[in-house]
Amino acid sequence: MVNVFHYGAAGDGAADDTAALEHALAAGDGVLELNKGTYRITRPLVLDTTRLGYVAVRGIGGASRIVMAGAGPALRIVGDHRGTAQPQSVEAHTWERERFPTVTGVEILGDHAQAVGIELRRTMQPTITEVLVRRCRIGVHLVERNRNVLISTSHIYDNAEYGIFFDRCNLHQTIVCGNHISYNKLAGIKSLDGDVHNLHITGNDIEYNNKPGDLPQPPLRKGGRGGVAPPLDKGGQGGVGGEPTGAEIWFEATEGIISEVTIASNTIQATAEPGGANVRIRGSEADSPRGARLIAITGNVLGSQMRGIELRHAHRVTITGNTIYGADDLSLAVARSSGVIIGANTIAWHNRDEDPPRDGILFEGCNNCSISGVVAHQMAAGTDDRGAAVALVR
C-alpha cells in the first residue's frame, strides 16, 4: 500500500493527478489506496490484472473523489478470462493473478462529455460496492466478456446515457442489488445484444431514468389520454410515440440474447416520457434460439410512465406479484410473444376515480399466454377502440 500524496498527488481537485496516481498504482502493485481528497485525472487509470496481478481501488468512506476530465473510463479494469463461470474453465493465471478486482468507497464525477465511470473488460468476479458515479456518459460499462459480476450498495446517478450498460457483452452470472440507479437519461440498466444470461436485478431503487423535458408531449386524445400510434407489431413502440426512448430497465436483444433474468423487489418509477417504459424487453423477430426468454418480473412496484412493462418478441416470461400504477398509455403491452404469464398483479391508476381511464393490458399477435388473478381498477386499453381493461388483438 502506498500514500498517493508521496507520489505527487495534490488531491485538491485542480491539479492534474493522472501521472501521480499511475505511479502510485504501479508502486502499490495494483492496489490504489486513495486518501480523502479530490483527484482530477485526464486519461483512464488502467488496472490491468495481466500485468499488475490482483487489483483494487479503495477510498475512505466516500470521501475520496476522482474527477474524470478526459474521454473514456476513469477506471478501466482489464483481465484475460476466456472461460465460463464453471471452475474447470478458469485457467490458473486467472485464479493466481486476475480474480476478484474490487472498487469500493470512491466517488467518480464526470467532467467531460465522453467520461465513463468504470469499465470492465474480460474480468472474473469484479465487485463494485459503495461507489457513487455521477455526471458521466455511462456509469458502469461492461464490454467484451465478463463473469460473476457483482454491483451492490452503490449510487449510479445523473449520467447522460446509461447507469449500467451491458454493451454487446458476453456476460453470465451477474447480480445488481441494493443500489440507487436514478436520473440516468436513457436507461437505468441497459443490455444491448451480446450474450447475457443469469442476470439478477433485485432490491434496487431504479427511478427517473428518462428526460421527459427534452421531448415533445403527445397530443391528448378524447378522454385525456395520449394520442394513439400504430399497433405494437407495426414498427416503433406502438401506443404512444414512434421509436422507443428511455426506460428504467431496457433489454434490446434483436441481434443477441438475454435469458434467465430475474427482476424482483425493486421500485421502478419515473415521469411519463413519450415512448418511455418502466421495463422494456425486445427480442429477435427471427425464429431462432436467440432473443429474449426465460424472464421473471415479480414483486416490484412500478409506474408513472407511458408504459409499465412492454414486451416484444419475448418468450416464457412470468409477470406476477407486482403493483403497477399510473401508466399514461398501457400498464402491460405484449406483442408477438409466447408463453407470457400474467399472474396476480394489481393494476390501477392512482389518481381520483373521476379522472379519465388509463393503464390497460394489450396482447397483440401472441400465443400460449395466460392472464389470471389480476385486480384492475379504472383501466382502459391503449387501442383505437378504447374502453376495455384487456384487449386481445389477433
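Accessible areas here come from the Shrake-Rupley method with a 1.4 Å probe. With that in hand, open the whole chain of this predicted model and switch on a surface: about 14,800 Å² is accessible, and carbon and sulfur atoms account for 51% of that.

Now go to cartoon view. You're looking at 35 strands and 3 helices. Colour by burial and 57% of the 394 residues come up as buried. If you draw contacts between residues at least 6 apart in sequence, 69% of them link residues at least 24 apart.

**Stop one: β15**

Select residues 162-177, which is strand β15. Of its 16 residues, 12 are buried, so to speak of it as mostly covered is fair by the under 20% relative accessible area cut-off. Keep this strand highlighted, as the next stops all start from here.

**Stop two: β13**

Add residues 138-152, strand β13. β13 and β15 pair in the parallel sense, with 12 bridges between them. For a landmark, show L150 as sticks and find I175, its bridge partner in β15.

**Stop three: β17**

Next, pick residues 187-192 to bring up β17. This strand runs parallel to β15 and is joined to it by 5 bridges. Click on Y162, then on its bridge partner A187 in β17.

**Stop four: β18**

Finish with residues 195-202, strand β18. Here 7 bridges connect β18 to β15, and the two are parallel again. Zoom in on C177 and you'll see T202 of β18 standing opposite.

Terms used: Residues are numbered from 1 along each chain as its sequence is written. This is a predicted model: local features need pLDDT of at least 70, side-chain atom pairs count only at pLDDT 80 or more; totals for chains, interfaces and linings use all residues. Side-chain values use heavy atoms; hydrogens and water are left out. Helices (H or I, at least four residues) and strands (E, at least two) are DSSP runs, numbered from the N terminus. Buried means under 20% relative accessible area, exposed over 50%, partly exposed in between (1.4 Å probe, protein chains only). Contact means heavy atoms within 4.5 Å. Two strands pair if DSSP finds at least two bridges between them.
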